[in-house]
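Here's a quick briefing for anyone meeting this structure for the first time. Have a look at the sequence and the model, then walk through the points below.

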Amino acid sequence: MVNKNGSKSGDHITVIIENHVENHPMCIHGPTLLFKKTFDNGPEPIEFYACSAFRNPKECPILTDEHVALNRAHLHAQSKSILGLAEIAKESPKKRAYCHTCSCLFTTSEKKTHQHHDFLNGISDELLSQPTRFLRPLSRDTKEAQYFFADSTLQCIVNIFKQLDISKVICIGAPRLYEYLKVNYESIQIKSIVLDIDSRLKIFFDKNEYFEYNMLNDYYFDGPEKRAAFEEFMKEANDSKTCLFTDPPFACRTEPLSHTLKTIAHNYKKVNSIYHVLPIFWVFPYFMENYIQNVMPEMSMVDYMVNYTNHKSYHDGSTGRKDGSPIRIFTNIPLNLVQLPASEGYSYCKRCAKFTFKENTHCRKCDVCPSKNGGKYVHCELCAVCVKSYYKHCNKCDRCTQVANHDCDVYQRNIKCWICLTKGHNEVNCSHWAKFGAKMSKIKAKSLKISRKICLLCNKTGHNERNCTKRSLLLKETKFLGEVCNIFTNKSGK
């Protein structure tokens, strides 16, 4: 079986993070990244270079330095022949046009040149200052995945900035937020710059505020002088306070992006000679929480549902998902400082010290607001944890699962044991824990007789083995950067 990234099931691909990738082979998206591929039952691991932006290596080949230089020269020559923003702004809106085929602005007098192209006529001043309102999004899921924030989300984000007294924002892959801050600067008073790989934006944004940039390899396409200009923007003056906001493609690897964010945060401290933490906001799906916290444990998930205008289901309305958008904001800011709008149904939970959505009712047994997906959760006594409201407990699998298409044999092959953290069995059938002998037999027998689940580690009810307070001691378990290692298999799990 072949996965989307081109690897077979059983193969494992990891990114080897390096500080200096300038010496790596190049593609049109800048320096490639170094990957390592390992096999469960096969040859020795292999290392290879691949494009940082495209998941499928067939879609973006590695080029020679000569080809990269020729490609950049061709783009530069094209940009010289393209009508600039200042020139097109002098024309009346009726005479302004944008060609989606050529990615350029032109006047109606040049219409014959674009006769059979896909173009837009009549561009107002408002649209000129907010090109993401009419540009075709780059939305190919295996490559770029460009979605633009809805106005309600923009307003919520800006309100968060105001609460935190943010006065400067670094927008990485978030051009619509940059537009919003720029257009509304007089009332908001927040300066911003945008770093984005979408070269179409170059003709619309000021060269001192737009940087053509690849966030996955920390690469500036227009040379090191752009990096210097970026660091100049990061310098704090008077009472200014800077934050970083990124909205990356949801299919991107978290390891290289987190490395970029950490590099920027380190440089922020360096250029300002301070020890203050750079506030970071990272937009990503809620189901990627473990991936983010594995690479940046300081990041916590805000319960706000991020809405987009051009995604088929990541928004409010009749065509949106039943439980709302699955996209969230992750931040290193304490969650009690991130106030969410009551007008959209959010309220403050004193027990969790954070704002959450109305369906996320606090569970006194788990002592958390348990919902992740936006829907209602209920507490299962047998699992000793909160689960989605439409889940039902399967006694054979000893887990709560969705009823539709549930196959016990298939499920049990993929179930993860809460004791040893390996797949293929539940806690009652854990051969590793069974080695503890008589104690295990006694607890197992008692567990099978009572109606409520008993923790096989401590012989008590009210929690499961995953949440047992004694597991670290009993299993000689260690945790580092979100990963767990125990005595049984020396394998990691979450």
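R96 is buried, with a relative accessible area of just 2%. Its side chain meets that of D125 in a salt bridge, 2.7 Å from N to O. This is a predicted model, so keep that in mind as you read on.

**Salt bridges**

- The R96 and D125 pair ties together parts that are 29 residues apart in sequence, because R96 sits in strand β6 (residues 96–99) and D125 in helix α3.
- Unlike R96, which is buried, D125 counts as exposed, at 51% relative accessibility.
- The cut-off for exposed is over 50% relative accessible area, so D125 with its 51% falls on the exposed side.
- Altogether, the structure holds 15 salt bridges.
- K365 and E381 make another one, with their closest N and O atoms 2.1 Å apart.
- K365 belongs to the loop between β18 (354–357) and β19 (377–380), while E381 belongs to the loop between β19 and β20 (385–388), so this pair ties together parts 16 residues apart in sequence.
- Here K365 is exposed, with a relative accessible area of 55%, and E381 is partly exposed, at 30%.
- R399 and E427 also form a salt bridge, and their closest N and O atoms are 2.8 Å apart.
- That pair links distant parts of the chain, 28 residues apart: R399 is in strand β22 (residues 399–402), and E427 is in the loop between α10 (408–414) and α11 (431–434).
- Both partners are tucked away: R399 counts as buried at 6% relative accessibility, and E427 is buried at 0%.
- K202, E212 and D222 are joined up in a network of salt bridges.

**Helix α5 and its neighbours**

- Helix α5 (residues 175–183) is largely enclosed by the rest of the structure, because 7 of its 9 residues are buried.
- The buried ones in α5 are P175, R176, L177, Y178, E179, Y180 and L181.
- What do the buried residues of α5 pack against? Their partners are the helices α3 (125–129), α4 (151–163) and α6 (185–188), along with the strands β9 (168–172), β10 (191–196) and β13 (242–246).

**Nonpolar cores**

- The largest nonpolar core has 82 residues, and F149, F161, L177 and F245 touch the most other members.
- Helix α4 gives this core its largest share, 6 residues.
- L177 turns up twice in this story: it is one of the buried residues of α5, and it is also one of the contacts of F245.
- Leaving out residues up to four places away in sequence, F245 touches F149, I157, F161, V169, I170, C171, I172, A174, L177, F281 and V283.
- There's also a second, separate core of 13 residues, which includes C420, C455, C468 and L475.

**A small sheet to trace**

- Three strands make an open sheet in the order β1-β4-β5, and their pairing is antiparallel.
- Its edge strands are β1 (11–16) and β5 (46–50), each pairing on one side only.
- From one strand to the next, the twist averages 30°.
- Strands β1 and β4 (residues 33–39) run antiparallel and are joined by 6 bridges.
- If you want a spot to look at, T14 stands opposite K36 in β4.

**Positive phi away from glycine**

- Q189 isn't a glycine, yet its phi is positive, near 60°.
- You'll find Q189 in the loop between α6 and β10, where it counts as partly exposed at 47% relative accessibility.
- L421 isn't a glycine either, and it has a positive phi of about 70°.
- L421 sits in the loop between α10 and α11, and it counts as buried at 13% relative accessibility.

**The whole protein**

- The secondary structure comes to 13 helices and 25 strands.
- The protein has 494 residues, and 46% of them count as buried.
- Among contacts with a separation of 6 or more, 51% are between residues 24 or more positions apart.
- The accessible surface comes to about 26000 Å², and 52% of it belongs to carbon and sulfur atoms.

Definitions and conventions
Residues numbered from 1 in each chain as written. Predicted model: local features only at pLDDT ≥ 70, side-chain atom pairs only at ≥ 80, totals over all residues. Heavy atoms only, no water. Buried < 20%, exposed > 50% of the residue type's maximum accessible area, 1.4 Å probe, protein only. Helix = DSSP H or I, 4+ residues; strand = E, 2+ residues; numbered from the N terminus. Contact = heavy atoms within 4.5 Å. Core = buried A, V, L, I, M, F, W, Y, C linked by side-chain atoms within 4.5 Å. Areas by Shrake-Rupley, 256 points an atom, 1.4 Å probe, with all protein chains shown as cover. Salt bridge = Lys/Arg side-chain N within 4 Å of Asp/Glu carboxyl O. Pairing = 2+ DSSP bridges. Axes fitted to C-alpha atoms, helices over the stretch in contact; angles between N-to-C directions.
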